[in-house]
Amino acid sequence: MAETLRRVLSGGNAAGTGEDTTAESGPPVLLLGAQGSGKTSLMFATALEAAGEGCGPVLFLTRRPLQRLPRSTRAAREPLRLQKVRFQYPPSTLELLQLLASTHEVPGPAPCLLLLDGLEEYLAEDPGTQEAAYLAALLLDTAAYFSHRLGSNRSCGLMVALETQVEADGADAPQLTLLQRYFPAKCWLQPEAPGLGQQGCFRACLELGTPGPRAEWTFKFFPDGEMKITPWPTQPTSPSPDKKSSSAGGQSLTSVCDNVSGQFPGPGTAGQVHMQRPKE
Amino acid sequence: MAVALPEVVEELLSEMAAAVRDSARSTGLLKFVFGSSAIQALDLVDRQSITLISSPSGRRVYQVLGSSGKTYTCLASCHYCSCPAFAFSVLRKNDSLLCKHLLAIYISQVMRNCQQLSVSDKQLTDILLMKKKLEA
C-alpha cells in the first residue's frame with residue numbers, strides 16, 4: 001500500500017504501467033491525523049488511483065455511507081474508476097469482523113486494495129488490547145488472502161485511517177503503540193497551517209518504518225474538486241526518528257516542518273501562505 | 001565400525017551427523033532467544049499439536065492444541081494468537097516476541113510436520129471469528 005500512496009502523493013506518476021510498478025503495493029499503511037486533516041479525501045484519492053491501475057476492484061470500508069464524494073483530482077473521478085470501488089458500511093465492530101472473516105466465501109475477483117476509514121470508531125467499541133490487535137491482524141490477514149487470490153506477482157494493498165486526538169502532553173494514543181506492531185508504515189496528516197484545513201491545504205508525512213528519511217508532501221484541494229500535490233523538499237539528513245515525539249499527532253509533525261523553515265512550497269500551490277509558527 | 005560401508009552410505013551418515021549437530025545448535029539458539037517458550041514450543045511440535053486448516057477458497061488459519069487441552073487460533077499471515085499469554089506478554093508488556101503457540105507454528109513450518117485439515121469456507125469463517133465451538 002505504501003507504494004500506491006507514494007505514487008498518488010508523487011502526482012500520480014503511474015504512467016509507467018509495467019508489471020513491476022503495479023505488482024507490489026508495499027506494506028500496509030496507517031493513515032493518522034486529527035479530525036479534518038484530509039484522511040478520507042486522501043484515502044479516496046488512493047482508491048481511485050488503484051482502481052485506475054486496472055489490477056482489480058477496490059474495497060472501501062467505512063462505518064457510515066459517505067454523504068458526498070470526497071474531494072479528489074478531477075481526472076481521477078472518471079465513472080469507470082468509481083465503478084471499481086466497492087463501498088461497504090459495516091455498522092459495528094462485530095459486523096466488520098464478520099465481513100473480514102467471510103471474504104473468502106464471496107465469489108468474484110479479489111480486490112487489489114482494501115481500505116478502512118474510521119478505525120477509531122470500531123476500536124472505541126472494544127478498547128481492549130487483544131480486541132484491537134485482533135482487528136488489526138484480521139485486516140492484515142484479509143489483505144494477505146486477497147494477495148494470495150490475485151496470484152504470484154501481485155498483491156493487495158491495505159490502508160487504514162485512524163483519527164488521532166491531539167494530545168497536549170505529547171503522550172501516545174494508547175492504541176497507537178499496539179497498531180504500530182501491525183502497521184509499521186505510517187502516514188501523518190495535518191492541515192498545512194492553522195485554519196488552512198478548511199481551505200483544503202494539508203501536509204502528509206510518510207514513514208515507512210525502515211531507516212531512512214521520511215517523505216513529505218503538501219496537498220491542496222481546490223473548490224472545484226481539483227487536487228494538487230507537491231513534494232515537500234526534504235533535508236539531506238532527516239532528524240532521527242524519535243518514537244515518542246513522532247506519535248504525538250499533529251504536534252511533532254510541525255516540529256519536523258519547523259526544521260525546514262524558510263522553504264516555500266513548489267508551484268501549484270499558489271495562494272497558499274507558508275507559515276511556520278511554533279506550536280504550543 | 002570396522003566394516004567399510006559403501007561410499008554413498010558413508011556420505012549420507014556424515015550428512016545426517018552434521019544435521020544433528022546443526023539441529024542441536026539451532027535448538028540451543030532457539031532456547032537462547034526465546035527462553036522457556038522454546039522448550040514448550042518444541043514440545044508442542046513433537047506432540048503434533050499444530051494444525052493448518054484450509055478451505056476450498058485457499059484461505060488458511062492455524063490452530064494449536066495447547067498443553068492445557070484448550071485450542072488456540074493463530075492467524076497464518078501475521079502475529080496473532082488467541083491465547084492469554086499473547087495478549088499479556090507480547091502485546092501488553094512487550095516482553096516476548098511470540099507466544100509459544102506462534103513459535104511452535106514457525107518451527108513446524110520449517111520442519112514441515114504440522115497436521116492438515118480441510119474444512120468448508122463457512123467453517124473457516126467461524127474459526128477466524130474465534131467462535132466457541134464444541135470441542136471434538
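Let's begin with chain A, which has 10 helices and 9 strands. The model you are looking at is a predicted one. Of the 280 residues in this chain, 52% count as buried. Take the contacts in chain A between residues with a separation of 6 or more: 72% of them come from residues 24 or more positions apart.

A good place to step inside is L31(A), which you will find in strand β1 of chain A, the stretch covering residues 29-33. Is this leucine buried or exposed? L31(A) counts as buried, because its relative accessibility is 0% and the cut-off for buried is under 20%. What does L31(A) touch, once residues up to four places away in sequence are set aside? Its contacts are K39(A), L42(A), M43(A), M159(A), V160(A), A161(A), L162(A), C187(A) and L189(A). You can also look across from L31(A) to L116(A): these two residues are 85 residues apart along the chain, and their C-alpha atoms are separated by 9.9 Å.

Now let's turn to a pair of helices in chain A. Two packed helices are described by the angle between their axes and by the distance between the axes. Helix α5 of chain A (residues 93-101) packs against helix α7 of chain A (residues 129-150) at an angle of about 30°, and their axes lie 9 Å apart. Angles under 35 degrees count as roughly parallel, so α5(A) is roughly parallel to α7(A). The crossing in which α5(A) passes α7(A) is left-handed. Which residues make the contact? From α5(A) come L96(A), L97(A), L100(A) and A101(A), while α7(A) supplies Y134(A), L135(A), L138(A), L139(A) and T142(A). Sorted by kind, the residues of this contact are 8 nonpolar and 1 polar, with no charged ones.

While you are at helix α5 of chain A, have a look at T93(A), which also lies in it. T93(A) is buried, with a relative accessible area of 6%. Leaving out its neighbours within four places in sequence, T93(A) is in contact with Y122(A) and E125(A).

Chain B offers a sheet to explore. Here 4 strands form an open sheet, in the order β3-β2-β1-β4, with mixed pairing. Which strands sit at the edges? They are β3 (71-75) and β4 (115-118) of chain B, each of which pairs on one side only. From one strand to the next, the twist averages 30°. To follow one pairing in detail, look at strand β2 of chain B (residues 60-65), which is joined to β3(B) by 5 bridges, the two strands running antiparallel. Within this pairing, L65(B) has T71(B) in β3(B) as its bridge partner.

Finally, let's visit two loops in chain B. Most residues other than glycine have a negative phi. Q48(B) is not a glycine, yet has a positive phi of about 55°. You can find Q48(B) in the loop between α2 (36-46) and β1 (50-54) of chain B. Its relative accessible area is 39%, so Q48(B) is partly exposed. R112(B) is not a glycine either, and has a positive phi of about 55°. This arginine is found in the loop between α4 (100-111) and β4 of chain B. How accessible is R112(B), buried or exposed? R112(B) is exposed, because its relative accessible area is 75% and the cut-off for exposed is over 50%.

Notes: Residues numbered from 1 in each chain as written. Chains lettered and ligands numbered in written order. Predicted model: local features only at pLDDT ≥ 70, side-chain atom pairs only at ≥ 80, totals over all residues. Heavy atoms only, no water. Axes fitted to C-alpha atoms, helices over the stretch in contact; angles between N-to-C directions. Parallel < 35°, antiparallel > 145°, perpendicular 65-115°, else oblique. Left-handed = near helix turned anticlockwise from the far one by under 90°. Contact = heavy atoms within 4.5 Å. Nonpolar A, V, L, I, M, F, W, Y, C, P; charged D, E, K, R; others polar. Buried < 20%, exposed > 50% of the residue type's maximum accessible area, 1.4 Å probe, protein only. Pairing = 2+ DSSP bridges.
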